[in-house]
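Today I am opening my notebook on a protein and its ligand. Come along and look things up with me.

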Amino acid sequence: MAAKTKKKANSQNPQPPSPLKLPIIGNLHQILPVPHRSLQALSLKHGPVMLLHLGQIPTLIISSSDSLREMTKSHDISFSGRPNLKIPRQITYNSKSISFSTYGDYWRHSRKLCVLHLLSSKRVHSFLPVRQSELSSMLSLISHQSSSGPVNLSPIIYTFTTNIICRVALGRSAIEEGQYRLLHDSIREVTELVGAFNVEDYFPSLKWLNRFSNLDARIESLFKKFDGFISSVVEDHIVAGVRDDAAAAAGDLVDVLLSLQKDDSLGISLTMDEVKAIILNMFVGGTSTSYIFLEWAMSELIRNPKVMKKLQQETRMVAGKNSMVTEEDVNKMHYLKAVVKEVLRLHPPAPLMLPRETIEDTELQGFKIPTKTRVIINAWAILRDPKFWDAPEEFMPERFMNSGLDFRGQDFDFVPFGVGRRICPGMQFAVTTIEFTLANLVHHFDWEMPSGLSGEDLNMEETQGLTMHRKYPLLLVAKKMDWS
Ligand code: HEM
């Protein structure tokens, strides 16, 4: 592997600046209540590269595109580790998911396999019938519910994104309803738990405190539930048999992983736990992020009726009276793409990305960064940095029209999917789904706030864990378009 201009930390370099800290908790109290906002405020005082002490853990905070560019272009490998956090470790079969495995051979091979075989353009395209049929069901459900009052869009969208992943990963038609509910609930709980605060991750010497909470029991019970379910699905697939490569390629992700398990030429022989961890990763990575995006997108469109109107004009002009906006139509919709980018800019589903950890001594912006420093990239702050963005707090999709700015990791001011070796491999899967879904939601319905309220009345409070979603469910009135 060719390492980019790797530069070891010069021991003469100073440490990054740090705010004053308290005994024992360090700077932990300063990152509450909403970490990405509090960290942005701290970085304005202490600089875009600062060192906090979160409990006992030295944590580097990166808050500018310049430092992110240097990190990625000059020291990408050094910053490509992930910390060994308790909950992800226990839930992902001892850190065998791609997201939480540390930098090394296993991560490299499993990521490559995922990029080539699970999330490649060809495979994303092959999931089109699943997207279409789940979208049809969602649109019918909205139509049906809208006849009796405002529609609570949040659970509807969540079920939609979960169904898509279930079907592409497991072939959900084979799963009975009771099991499906169990899976649905456990994915939600895994996502919540993975983002939850856990004493041991900040105070390793106090890990015995976990004995007094019910956390271990909760993790174990959740893990057992998920593992029991996924093991039986894998078992069913084995019994049904992956006939040959062609059958696997046409099948679901479990089929693909089982067939890859037998392929010696890949340089990796996946254990059953690794297969299950990768499937779990697809669920957790793919469900909540797209759901969060769609909730924020509909919220911003309701608050900005002119943008909603312009977007509807585009979808209705391109797709006409067709019953569904197709993916070919979507490719002609430049305003839609600008709206999607603007929602990702203002509401990145993972505002602090996923935590990183340095795997060797390195440096950044002239500061010394020792090995095993935890690293948080405040994407939320970068995406609202007034040095780059005009009126950064405003929702203005027009800023992306003819701008060429893209989220594929080359524009360090626009990084909703991350950067470098660890950039999100599900980007194409996600963008294909969310563009198609958003276009259809606005194409099929006119949307209003309930009870004569206006879009300005919509509460935009966010919750904070690993992902940032709406604090309150999104209730809207949907009026079906009459195409006659
Ligand atoms: C709007 C949707 C999505 C957003 C905004 C998003 C964002 C992100 C971000 C910020 C990271 C961390 C990148 C870094 O550390 O630099 C990430 C990693 C990851 N994402 Fe996504 N993601 C989305 C959808 C998906 C989907 C649909 C999948 C899979 C089905 C997925 C799978 C992953 C995986 C496996 C990783 C870990 C990569 C690694 O550590 O090597 N994501 N994503």
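Here are my entries on the ligand and its surroundings.

**Entry 1: the model.** I reminded myself that this is a predicted model.

**Entry 2: the iron.** I asked which protein atom is the donor of the iron atom of the ligand. I found just one, SG of Cys424, at 2.3 Å. Next I traced Cys424 along the chain, and it lies in the loop between helix H17 (379-382) and H18.

**Entry 3: the neighbours.** I listed 25 residues around the ligand. Those that come nearest are Arg82, Arg111, Arg356, Arg422 and Cys424, so my iron donor Cys424 turned up again here. 

**Entry 4: polar contacts.** I looked at the oxygen atoms of the ligand and noted three contacts.
- A polar side-chain atom of Arg356 lies 2.6 Å from a ligand oxygen.
- The side chain of Trp107 has an N or O atom 2.9 Å from an oxygen atom of the ligand.
- Val419 takes part through its backbone, with an N or O atom 3.3 Å from a ligand oxygen.

**Entry 5: the space.** I then checked where the ligand sits, and the space it takes is the largest cavity. Three elements give two or more residues to the shell around the ligand: helix H4 (105-118), helix H13 (272-303) and helix H18 (427-444). Which of them gives the most? I found that H13 does, with five residues.

**Entry 6: the character of the shell.** I sorted the shell residues by type and got 14 nonpolar, seven polar and four charged.

**Entry 7: looking back.** I like how Arg356 shows up twice in my notes, once among the residues that come nearest to the ligand and once with its polar side-chain atom 2.6 Å from a ligand oxygen.

How values were computed:
Residues are numbered from 1 along each chain as its sequence is written. This is a predicted model: local features need pLDDT of at least 70, side-chain atom pairs count only at pLDDT 80 or more; totals for chains, interfaces and linings use all residues. Side-chain values use heavy atoms; hydrogens and water are left out. A residue is near a molecule or strand if one of its heavy atoms lies within 4 Å of it. A polar contact is a pair of N or O atoms within 3.5 Å; within protein, one must be able to donate a hydrogen and the other to accept it, and residues adjacent in sequence count only if both atoms are side-chain atoms. On a 1 Å grid over the protein atoms alone, a cavity is a set of points where a 1.4 Å probe fits but cannot get out, and a pocket is an open set with protein on both sides within 12 Å along at least five of seven lines; lining residues have an atom within 4 Å of a point. A molecule sits in a cavity or pocket if more than half of its atoms lie within 2 Å of its grid points. Helices (H or I, at least four residues) and strands (E, at least two) are DSSP runs, numbered from the N terminus. Ala, Val, Leu, Ile, Met, Phe, Trp, Tyr, Cys and Pro count as nonpolar, Asp, Glu, Lys and Arg as charged, and the others, Gly among them, as polar. Donors are N, O and S atoms within 2.8 Å of the metal (3.2 Å for Na, K and Ca); water is not among the atoms, so sites may look incomplete.
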